Amino acid sequence: TGTPAPGDGMGNMPGMDATPEATPAAQAQTMSNDEMDSMMESGVKTFLANAGKDKDFWGIPMPFTMDGDTKVFEVTCTEGPWEVQPGTVVNAMMYNGRVPGPYIRMTQGDKVRINLHNQMTQSTAIHYHGVHTPNGMDGVPFITQPPVKPGASFTYEFVAKNSGTHMYHSHHNAAEQVTRGLMGGFIIDPADKSKEPQVTADYILVLNDAGIGITINGKSFPSTQPIIAKKGDRIRIRYMNEGLQIHPMHLHGMYQTVYAKDGAVLPIPYLADTVLVAPGERYDVLVDCQDPGAWAFHCHILTHAESST
């Protein structure tokens, strides 16, 4: 019955054009009070009515095949249209046809091979942000490898050493490529899961604020989704900031227990209702859903919280 709703806006409302004039906050300055109320109400009602309808919003796992004892992932980069909300389509860069790309998940100690195929008009590479790889597999053009040119491929191979919440993204023309969509979650589950927190559900929130606009998981309000939980549930939320700005993620009505930062479990978890997530940071938080209701969960940079494409 509890419905905490995470996001970069009230009740998960990310998304806006690059031009501030396009935001509802700016539009509201030229509206009557009743017009402003109606505009705000329409977005919130649409958002709540869509709860649970986008089954892929929280991410889909990237499939893999086995080559002996090695997990093999195929990653293809393309450019094309991506709908951030109904009627708003952007020119995105995608991993396997999605923004963000499918999340890559494995277990600590796994042998991994990732084959990158570049079908874009720009060169690219993949960096495994937070993952401890051999230097030659770090994915930084002109430092650890040549850029992967259009039509070419590159193979990354390493052992998944350090467990935790990480990311994968471009490290070439990254200010454009990452914010336009070349980003995704990279999760390494610990080999010993006995000390992992027991949770009802596990959610990934990939934050972005440029390129395709202010989005969570590649969507802007009202096409984002609430988290649906029952009283007594404990949920895990993995924040991943792939944008260019800090996002103070604020939950109404209950605390977040900050359990891990940048993939590393904290020796002393702490309580916060606002978690400041800087570019490149990852935070794992646990939420004990105690009080029923629709609770707002939003970025507390208010121009993000009240913005739309």
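## Long-range contacts and overall make-up

In this predicted model, 76% of the contacts with a separation of 6 or more in the chain are between residues 24 or more positions apart. The chain holds four helices and 19 strands.

Of its 309 residues, 54% count as buried. The area that the chain exposes comes to about 13200 Å², and 56% of that area is supplied by carbon and sulfur atoms.

## A four-stranded open sheet

Strands S5, S10, S9 and S7 form an open sheet, in the order S5-S10-S9-S7. The pairing in this sheet is mixed. Its edge strands are S5 (104-107) and S7 (126-129), each of which pairs on one side only. From one strand to the next, the twist averages 20°.

Within the sheet, strand S9 (residues 164-170) and strand S10 (residues 183-189) run antiparallel and are joined by six bridges. One residue pair can be followed here: Met167 has Gly185, in S10, as its bridge partner.

## Surroundings of Asn91

Asn91 belongs to strand S4, which spans residues 88-95. When neighbours within four places in sequence are left aside, Asn91 is in contact with Gly80 and Arg180.

Asn91 can also be placed relative to Ile212. The two residues are 121 residues apart in sequence, while their C-alpha atoms lie 7.7 Å apart in space.

Conventions
Residues are numbered from 1 along each chain as its sequence is written. This is a predicted model: local features need pLDDT of at least 70, side-chain atom pairs count only at pLDDT 80 or more; totals for chains, interfaces and linings use all residues. Side-chain values use heavy atoms; hydrogens and water are left out. Helices (H or I, at least four residues) and strands (E, at least two) are DSSP runs, numbered from the N terminus. Buried means under 20% relative accessible area, exposed over 50%, partly exposed in between (1.4 Å probe, protein chains only). Contact means heavy atoms within 4.5 Å. Accessible areas come from the Shrake-Rupley method with a 1.4 Å probe; for residues, only the protein chains shown count as cover. Two strands pair if DSSP finds at least two bridges between them. Axes are lines fitted to C-alpha atoms, for helices over the stretch in contact, and angles run from 0 to 180 degrees between N-to-C directions.
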